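Hi everyone, thanks for making time for this. I'd like to walk you through one model, so let's put it on the screen.

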2 protein chains.
Amino acid sequence: MTRSDKGRRTIRDVADAAGVSIATASNALNGIGRTKAETVEKVRRVAEEIGFRPNALARGLLKRRSHAIGMITNDTYGRLTLPMVAGVSEALVDHGVSVFLCATNNDPRLARLHLESLLDRQVDGIIFTATRLDMRPPPEFAKLPIPVVYAFAEGPEESVTFHPDDAQGARLAVEHLQGLGRQRILHITGPEEYRAARIRADAYRALTGDGASVVFGEWTEEWGREAVAQMLSSGHALPDAIFCGSDEIARGVIDALRDNAISIPDDIAIAGFDNWEIVAKQTRPPLTTVDMELKALGRRAGLAIHRLCNGESVEPGTTRLPCSLIVRKSSQSDPR
Amino acid sequence: MTRSDKGRRTIRDVADAAGVSIATASNALNGIGRTKAETVEKVRRVAEEIGFRPNALARGLLKRRSHAIGMITNDTYGRLTLPMVAGVSEALVDHGVSVFLCATNNDPRLARLHLESLLDRQVDGIIFTATRLDMRPPPEFAKLPIPVVYAFAEGPEESVTFHPDDAQGARLAVEHLQGLGRQRILHITGPEEYRAARIRADAYRALTGDGASVVFGEWTEEWGREAVAQMLSSGHALPDAIFCGSDEIARGVIDALRDNAISIPDDIAIAGFDNWEIVAKQTRPPLTTVDMELKALGRRAGLAIHRLCNGESVEPGTTRLPCSLIVRKSSQSDPR
DNA sequence: CTTCTATGATAAAACCTTTTAGCAGAAATA
DNA sequence: TATTTCTGCTAAAAGGTTTTATCATAGAAG
């Protein structure tokens, strides 16, 4: 009945209840030291009985490992961030690592505030995430005393960075369209200053050669509609496929083609980029699109930061993770 | 030069550098105890100089306050969760409170795992969030030793809970349509087993009286299109306005009406629910819709948990926070 | 000159855990 | 018998902070 009422059980309670010293209790629970088998058994049983759970703060203080990491993102409404957080969390929960999520709202003051708070909390590492591949972290990330991993964001030279493989993803889409016999493929995409847009466009050009035709614009549905309008009024021969730089653009394209009674996929096949299901599944017809596998990206980033926190090494530089192609009816009337 | 090289500065370093005891240093930094003004000044200057920042683990261990909270959500792709997290985080960052985000993926095992981990980390409180208002937390939430706040989720009797005011939001939309002179308003919404759908429908019925007509279905665009098809084939007189239970449904409705050359808003005015901007701004015409103010909801939940963690009291029960109406062209040809 | 009070500072305990170093007793070796 | 080795356990230190109780010193009051 010692100190049984206030607060949580401590290892002292376990030791008392089992009639051993604190040190023995600790050793038994952690399975280290020279402890008789039956003592171990007894301590563990007692600990279980009284519901002992070690205080992570005390442990962290001593071991200099908090088993927590911070995740800093600039995205507050994000369909991009949350899948990654879920992936990170999923990869780490089994290792007993928890994740502080810090939304910076693109405010550098807030970013600094969060960063300091994370350091005060002795996080073992930090994952920096953004909504643009070429978004750079604030300068104070330059020399941090703990490892940093960049996911879907641009890190400094020689940092550990994970990006979706935009080029491979674009090839997946274009080759798919070509495999269906399409010859004249148009590429409608977002602003040229986005690195992702440029990479995808380059990959597209490499496959389509002379026939390549790229129009840069916005990441919006409206731009998709407008681009179609331009295409129709130009008087040129129509393409037999359109590869869109995002699902939103694709949605605009599909709607505009529908309005003009152009059949999808018979007259023009469409492919998008993002596999943002809530959009891609609801277009008419449903959209063939490239999935960036953001959750898997998050898992990889989580694993990487975990290795780094354990002092293990991770290949530095930018790792590009493969995208996958989700085939729906906008490209094939009857996909197997 | 004492222990100047390894790891972070500790309060001991500050004390040494300022030529005072640890106790005095602590007192000076925290502004308590009887300390001479110039001593305070000196200690603070020195601390600043050597870049001292207190170790949150040590402090938390002693004060039994981690100044961290946990947020548990079942939503991984969440347009609902992230705005709330952002709101919570925004409300708490100035109080020095950080947020552990735990995504449970609807897996009770994972939920339990996360919960235990949070308790081990001595979080001061927990916010439970879900993607359905009537989603109940796992049973182990019943008697937790720390305060819990429910946001966009159903808590046990007498718990502190925040919901959007669905009824008021629905009234906002319906009254807006009525204010425009619309008499025959139809309500197309999601599944009847969702509490939110029922509440919104009831509020709608209360305002439309005999003319009320509700069709329950799915939360999808496709259902919106199908509902319009049913409406058209029924042979009844067309409504002059449709209040949709979600923006996705509204989008389907708008597309289907367009396909049938029914003019929006002249023939039929449309209002949605969610203000999911990426959808609502891109419909043709852009969608008038109800905003649930999720970020504000998050802020309120954050503030509430903070008060509770400080031992202050918070009105128990369900607090319904007002929604706002965003007027766009789907209801008014020319909104002022 | 003694006793009190105020002032400013500090040693030490506390929070909870892990780990090092060491202790006593038994068994094995010389 | 005397020494070494092994076994099982434990006291104490460490981690970084806050707080309590105590201690000098100096000035004020008696």
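**The DNA side and the chain interface**

Let's begin with the DNA: of the atoms of DNA strand C within 4 Å of the protein, 60% belong to sugar or phosphate, and the rest belong to bases. Before going on, the small print: this is a predicted model, in which local features need pLDDT of at least 70 and side-chain atom pairs count only at pLDDT 80 or more, while totals for chains, interfaces and linings use all residues. Residues are numbered from 1 along each chain as its sequence is written, chains are lettered from A and ligands numbered from 1 in the order in which they are written, and side-chain values use heavy atoms, with hydrogens and water left out.

Which residues come nearest to DNA strand C? Of the 29 residues around the strand, they are A:Ile11, A:Leu62, B:Ser21, B:Thr24 and B:Arg34; a residue counts as near if one of its heavy atoms lies within 4 Å. The surface near DNA strand C divides into twelve nonpolar, ten polar and seven charged residues. In that scheme Ala, Val, Leu, Ile, Met, Phe, Trp, Tyr, Cys and Pro are nonpolar, Asp, Glu, Lys and Arg are charged, and the others, Gly among them, are polar.

Now some phosphate distances. A side-chain N or O atom of A:Ser26 is 3.0 Å from a phosphate oxygen of DNA strand C. For B:Thr39, a polar side-chain atom lies 2.9 Å from a phosphate oxygen of the strand. With A:Asn55 the partner is a polar backbone atom, 3.2 Å from a phosphate oxygen. Two or more residues of the surface near DNA strand C come from each of α2 (22–30) and α4 of chain A, and α2 (22–30) and α4 of chain B. α2(A) gives the most, with five residues. Helices here are DSSP runs (H or I, at least four residues), numbered from the N terminus.

On to the protein–protein side. 57 residues of chain A are in contact (heavy atoms within 4.5 Å) with 57 residues of chain B. Across that interface the rule finds 15 salt bridges, each a side-chain nitrogen of Lys or Arg within 4 Å of a carboxyl oxygen of Asp or Glu. A:Arg258 forms a salt bridge with B:Asp259, with the closest N and O atoms 3.1 Å apart. The side of chain A that touches chain B has 21 nonpolar, 16 polar and 20 charged residues.

Note on methods
A polar contact is a pair of N or O atoms within 3.5 Å; within protein, one must be able to donate a hydrogen and the other to accept it, and residues adjacent in sequence count only if both atoms are side-chain atoms.
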